[in-house]
Amino acid sequence: IGKVESYIHEKLEREKLHFVLLDPDDVDPETAGKIAEMSEEIGVDAIMIGGSTGAEGEVLDGVVRAIKESSSLPTILFPGSHGGISKYADAIFFMSLLNSTNPFFITGAQALGAFQVKRYGIEPIPMAYLIVEPGETVGWVGDAKPIPRHKPKIAAAYALAGQYLGMRLVYLEAGSGAPQPVPPEMIAVVKKVIDVPLIVGGGIRTGEQARAAVKAGADIIVTGTAIEKAGSMDKAEEKLEELNRGIKG
Ligand code: 1GP
């Protein structure tokens, strides 16, 4: 396994992790750089870069470069498709949307992007990506059949299947900006059956919600909207601190 994945595993032996997601379609490079710098100071563990719409090409490259220039945190691509690849990033969540109804999001985009990942020497980290209701934009764009919020066993079955298919991370996603995060009951049931680290994101806005997800069994918490839409850099900093405290305890 590669450098970034080793870093994740080493850190997980000591603490729960906090990844901040920046969507190049929502933040300009300068803001992204500032948020990354603040994130590193506060104790965030990695920056994820991606989005479902418009997070491609020069816009994506510009944001990744700005982040690399202003922090030494690992940069991990979180692509909406093969368009979400940037040669400036350290690693990529090489993810399959297992509960999509469209093979493009399960294996198609992956095939279209594979050579580019190899050419640029980006570290691929295989990940099972599961969309839970409501799913928001990524659920719609990804042609997902979102897992019902009150059906944790369906989530667990997909998560275990992902692990058995060789994926080394499982991500439970409620969708960026979801009104409610993934239910803690679902996190607990999934965590019980898998052995690989569990990532949870979508709609986590408060330290309390982050804490609840960690207590239920999440290993890595992803936050995006709460920081991007905080309103000012000062408020973004406060929010980052609150969320980080919730995760790290
Ligand atoms: C979205 O899970 C991530 O893909 C983060 O969601 O923007 O709601 O924090 P938020």
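The following paragraphs lead through a predicted model, from its barrel to its cores, helix packing and backbone exceptions.

The central feature is a barrel, into which 8 strands close in the order 1-2-3-4-5-6-7-8, with parallel pairing. Averaged over the sheet, neighbouring strands are turned by 30° against each other, direction ignored. Strands of a sheet pair through backbone hydrogen bonds, either parallel or antiparallel. One example of the pairing is given by strand 3 (residues 75-77) and strand 4 (residues 91-97), which run parallel and are joined by 2 bridges. Within this pair, L77 stands opposite I92 of strand 4.

Helices pack on this sheet. Helix 1 (residues 3-12) touches strand 1 (17-22), strand 3, strand 4, strand 5 (123-131) and strand 8, and its direction makes about 60° with that of strand 5. Helix 3 (residues 57-70) touches strand 1, strand 2 (46-49) and strand 3, and its direction makes about 170° with that of strand 2.

Strand 7 (residues 198-201) offers a detailed view of the barrel. In a regular strand the side chains alternate between the two faces of the sheet. In strand 7, L198 and V200 point one way while I199 and G201 point the other way, and all are buried. Towards strand 6 (residues 169-173), strand 7 runs parallel and is joined by 4 bridges; here E173 stands opposite G201. Towards strand 8 (residues 220-223), the arrangement is again parallel, with 3 bridges, and V222 is the bridge partner of G201 in strand 8. The chain crosses from strand 7 to strand 8 through helix 8 (residues 207-216), in a right-handed β-α-β crossover. Strand 6, helix 7 (residues 184-193) and strand 7 likewise make a right-handed β-α-β unit.

In soluble globular proteins, nonpolar side chains tend to be buried together. The largest nonpolar core in this model has 57 residues, and those with the most contacts inside it are L172, I187, V190, V200 and I221. Helix 2 (residues 29-42) supplies the largest share of this core, 5 residues. What does V190 touch, not counting residues up to four places away in sequence? The contacts of V190 are with P152, A155, A156, A159, L172 and L198. Another core, of 25 residues, lies apart from the largest one and has A46, F78, M127 and V138 among its members.

Two packed helices are described by the angle between their axes and the distance between the axes. For helix 2 and helix 3 the angle is about 35°, and the axes are 8 Å apart. Helix 2 passes helix 3 in a right-handed crossing. Helix 2 contributes P29, A32, G33, A36 and E37 to the contact, and helix 3 contributes G62, V63, A66, I67 and S70.

The backbone also deserves attention. Most residues other than glycine have a negative phi, and most peptide bonds are trans. The peptide bond from E133 to P134 is cis, with omega near 5°, and P134 is placed in the loop between strand 5 and helix 5 (136-141). E136, in helix 5, has a positive phi near 50°. D143 also has a positive phi, near 45°, and is placed in the loop between helix 5 and helix 6 (152-164). Why do E136 and D143 count as partly exposed? A residue is partly exposed between 20% and 50% relative accessible area; E136 has 30%, so E136 is partly exposed, and D143, at 32%, also counts as partly exposed.

Notes: Residues are numbered from 1 along each chain as its sequence is written. This is a predicted model: local features need pLDDT of at least 70, side-chain atom pairs count only at pLDDT 80 or more; totals for chains, interfaces and linings use all residues. Side-chain values use heavy atoms; hydrogens and water are left out. Buried means under 20% relative accessible area, exposed over 50%, partly exposed in between (1.4 Å probe, protein chains only). Two strands pair if DSSP finds at least two bridges between them. A crossover is right-handed if, with the strands pointing away from the viewer, the path from the first strand over the helix to the second runs clockwise. A nonpolar core is a set of buried Ala, Val, Leu, Ile, Met, Phe, Trp, Tyr and Cys residues joined through side-chain atoms within 4.5 Å. Contact means heavy atoms within 4.5 Å. Axes are lines fitted to C-alpha atoms, for helices over the stretch in contact, and angles run from 0 to 180 degrees between N-to-C directions. A crossing is left-handed if the near helix is turned anticlockwise from the far one by less than a right angle, and right-handed if clockwise.
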